[in-house]
Every structure is written in C-alpha cells, then in structure tokens.
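Here is a note for a colleague who is meeting this structure for the first time. The points below are meant to be read alongside the sequence and the model.

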Amino acid sequence: MIDLRSDTVTKPTDEMRQAMATAEVGDDVWGDDPTVNRLEQVAAEWLGKEAALFVASGTMGNQVAVMTHCSPGDEVFVEGEAHVYWYEVGGIARLAGAQPRPILTPDGLLTPDLVQASLREENIHYPVPRLLCIENTHNRAGGKVLPLPAYKAVVDKAHERGLKVHLDGARLANAAVAQGISPREAAAGADSVMCCLSKGLCAPVGSVLAGSREFIATARRNRKVLGGGMRQAGILAAAGLIAIERMVERLREDHALAQAIAAALHDVPHVTCDPNKVETNMVQVDLDRPASPVLDALAREGLLCGASGPTRIRLVTHRDASGTRPEEVARAFRAALAG
Ligand code: TLP
C-alpha cells in the first residue's frame with residue numbers, strides 16, 4: 001500500500017525511537033522534565049521567539065493560542081479555508097468563546113488589502129477585533145506558500161490595525177525550505193506561532209507553540225485547562241528534538257516527489273492536476289466525478305489518499321512514502337478512473 005493520505009501517518013525514525021527509549025524524564029507539570037524543557041528552549045530559538053510550549057497536537061497549539069490572545073466575544077480573522085476554522089471542531093467559538101470572521105480569498109493567500117477590507121471602524125455593535133490567524137503552508141490551498149514579502153505585508157497590516165497575529169505553521173518547515181529561508185525568518189513578526197513536529201518532521205506526537213515569555217506563561221495555563229499537562233512527556237519531546245534538529249532539510253525530497261507525482265498525473269484522463277501549482281508536499285487532483293468512490297477504487301489499486309472536496313483528492317508526500325514511484329500513482333489513477 002502507498003499511503004499518501006497525509007504526512008501525519010509518518011512513523012518515528014529509528015533514531016527517534018532510540019532517543020525516546022533513553023530520554024531523561026520528569027513531571028512536566030512541575031517543570032521537572034529536562035527533555036521537555038530542552039525541547040521548549042530549542043523550539044523557541046528555532047522559531048525566533050522568547051519562549052515555547054510543547055503541546056499534544058497542532059489543534060491544541062492553535063486553540064491554546066486563540067484562547068491566550070482572545071477574550072470571549074472577540075473577533076478572530078481567519079482565511080476562509082484555514083484549518084483553525086475548518087477542521088478544529090468549532091474550537092474558536094467553543095473554547096475561546098470568540099467569533100471567527102472568515103476572509104475569502106481566491107487562492108488561500110491573504111493580502112493586506114483583504115485584511116484591511118474585512119476590518120470595520122470602531123462601533124459599539126461590533127465585536128472587538130483581536131486576532132488574525134495566518135496559515136503557512138496552507139493546507140486546503142494545496143500546500144501553497146505565502147511568500148515572505150507577502151507574509152510580512154499581511155503581518156504589518158494586522159499590527160497597524162491593532163490585531164495580534166497567530167501563525168498556524170503546522171507545516172512552517174515546509175514553507176521555510178521551499179523558500180530557502182529559516183523557520184525563524186518565516187515566523188518573524190508573528191505574536192505566536194505553532195509548528196507541528198508530527199507531520200513531515202516525523203515525530204510520533206506533538207507540536208510547539210512559541211511567543212513572548214508572558215504569552216507562553218498564560219498559554220501554559222490554557223494548555224492545562226485542556227488537559228494538556230502531560231507529565232513524563234520527555235519521552236515524546238526526545239523525538240521532537242530530533243524532528244527539529246535533523247528532519248527539516250529532507251523535506252526537500254517530499255517536495256520533489258510531489259512535483260514528480262503531479263507531472264505523472266498531468267495527462268491522466270478525467271483528472272486535472274497542474275504540476276506548476278505544487279509548491280511543497282501536497283498535490284491536488286481535481287476529478288470530473290465525485291471523489292468518494294474513486295478513493296475506494298484507488299485503495300483497491302494499492303493507493304491510499306483523502307478527499308479535500310467533493311471532487312478533489314489530496315495526495316501528501318512524506319518520508320515513509322519516499323520510495324513511491326510517480327508512474328505507479330498514475331497507473332492507480334488510470335485504473336481507478338477506467339470506465
Ligand atoms: N491537518 C491534518 C488534518 O487535520 C486535516 C492533515 O492531515 O493535513 N494546522 C494545519 C494547517 C493542519 O494541516 C493541521 C493538521 C493542524 C493544524 C492540526 O494538527 P493536528 O492534526 O496535530 O491536530
């Protein structure tokens with residue numbers, strides 16, 4: 001089976017398993033886990049912020065960030081297809097008690113003008129505008145990168161209008177590698193940034209949330225209320241350290257494989273797939289029919305992938321699928337779509 005459902009399916013590397021087995025641990029809720037403490041220091045440095053917090057998942061990191069920035073009733077601006085809005089079980093409303101305000105874009109890319117246009121003048125009837133969430137790379141936009149100059153312009157516009165900025169950098173390392181910059185450059189200016197260690201970076205569990213010392217102190221309390229105080233979590237943080245220190249550069253291989261797969265799918269009948277649109281480790285495949293039965297047929301051909309729309313399939317490349325032959329993916333699609 002070739003599993004391209006997500007880069008979340010990656011298993012820890014042998015080196016990670018070794019580090020996990022021998023990790024020094026303690027009770028992290030007491031601040032006693034040396035491996036978690038080290039991961040948090042390394043992550044803060046890596047993301048260019050004062051402090052960081054190890055969290056159980058990307059969802060927890062995003063939601064803790066929104067809870068920390070916002071009070072109930074505040075307005076949170078999100079790109080219309082952002083993960084924090086689409087896939088986090090209504091957490092903005094449910095956990096922070098805040099109101100999400102989607103900003104519609106043609107391609108997932110926020111611009112200063114779109115941010116400006118969505119903000120209203122102060123009025124007693126309106127919620128207090130508080131936070132802008134940016135996603136980079138953008139999942140539902142097919143792993144698209146918001147390039148550094150455009151990212152900076154959006155951050156500046158948000159700050160100029162008094163908003164805080166949270167960066168959902170679940171795949172920030174992919175965005176950084178694709179642009180030839182460091183993750184800290186890619187997160188510059190954001191008041192908080194979340195990055196997943198458990199996707200292309202191959203850690204089994206966990207994400208990091210980074211920001212100012214004061215922000216992280218409050219975020220730590222908000223993580224606790226969500227049940228995210230994880231005790232001897234050093235066993236997981238040990239793998240997270242390897243994710244940050246050793247797994248970033250190889251993301252290039254995932255990006256190259258995604259390109260090659262898109263090129264192989266380009267001329268498959270009933271499929272629209274443009275290799276020029278592949279920027280990182282995702283391939284979007286548009287079909288002339290509903291995706292769901294095609295997914296079943298692909299699975300019968302030995303290829304697992306997921307739908308990201310009624311007629312759209314998403315393929316995600318990652319380390320555990322690095323031996324995938326693009327022509328095999330194209331063969332599976334041809335067979336699944338035959339007839
Ligand atoms: N994305 C998952 C699914 O939830 C869709 C995937 O397979 O791509 N932000 C972004 C941009 C994400 O893509 C994800 C996960 C998260 C946050 C949440 O991370 P986890 O799954 O660790 O809660």
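1. Helices (H or I, at least four residues) and strands (E, at least two) are taken here as DSSP runs, and they are numbered from the N terminus. With that in mind, alanine 82 can be placed in the loop that connects strand 3 (75-79) to helix 4 (83-86). The model is a predicted one, and what follows should be read accordingly.

2. Is alanine 82 buried or exposed? Buried means under 20% relative accessible area, and alanine 82 counts as buried because its relative accessibility is 3%. Its C-alpha atom is separated by 8.9 Å from that of aspartate 168, although the two residues are 86 residues apart along the chain.

3. The largest pocket holds about 410 Å³ of space. It is lined by 22 residues, and those closest to its centre are Ala141, Lys277, Gln284, Asp286 and Arg312. Two or more lining residues come from each of strand 10 (282-287) and strand 12 (306-309), with strand 10 giving the largest share, 4 residues. By class, the lining is made up of 6 nonpolar, 8 polar and 8 charged residues.

4. Where does the largest pocket lie with respect to domain 1 and domain 2? Domain 1 (11-246) and domain 2 (250-337) both contribute residues to its lining, so the largest pocket lies between them.

5. The second largest pocket has a volume of about 300 Å³, and among the 23 residues that line it, His83, Tyr87, Asn139, Arg171 and Arg314 lie nearest its centre. Helix 3 (58-69) and strand 12 each supply at least two residues of this lining, which divides into 4 nonpolar, 11 polar and 8 charged residues. The second largest pocket, too, lies between domain 1 (11-246) and domain 2 (250-337), because both give residues to its lining.

6. Helix 10 (residues 213-225) invites a check of its length. At 1.5 Å a residue, its 13 residues should span 18 Å, and the C-alpha atoms at its ends are 19 Å apart, which agrees.

7. Which residues of helix 10 are buried? They are Phe215, Ile216, Ala219, Asn222 and Arg223. These residues cover an arc of only 115° around the axis, which puts them on the same side of helix 10. An α-helix has 3.6 residues a turn, so residues three or four places apart point the same way. On the other side of helix 10, the exposed residues are Arg213, Glu214, Arg221 and Val225.

How values were computed. Residues are numbered from 1 along each chain as its sequence is written. This is a predicted model: local features need pLDDT of at least 70, side-chain atom pairs count only at pLDDT 80 or more; totals for chains, interfaces and linings use all residues. Side-chain values use heavy atoms; hydrogens and water are left out. On a 1 Å grid over the protein atoms alone, a cavity is a set of points where a 1.4 Å probe fits but cannot get out, and a pocket is an open set with protein on both sides within 12 Å along at least five of seven lines; lining residues have an atom within 4 Å of a point. Grid points are joined across faces, edges and corners, and a volume is the space filled by probe spheres set on the points. Ala, Val, Leu, Ile, Met, Phe, Trp, Tyr, Cys and Pro count as nonpolar, Asp, Glu, Lys and Arg as charged, and the others, Gly among them, as polar. Domain bounds come from an automatic or database domain assignment. The expected span of a helix is 1.5 Å times one less than its number of residues. Buried means under 20% relative accessible area, exposed over 50%, partly exposed in between (1.4 Å probe, protein chains only). The arc is that of the directions from the helix axis to the C-beta atoms.
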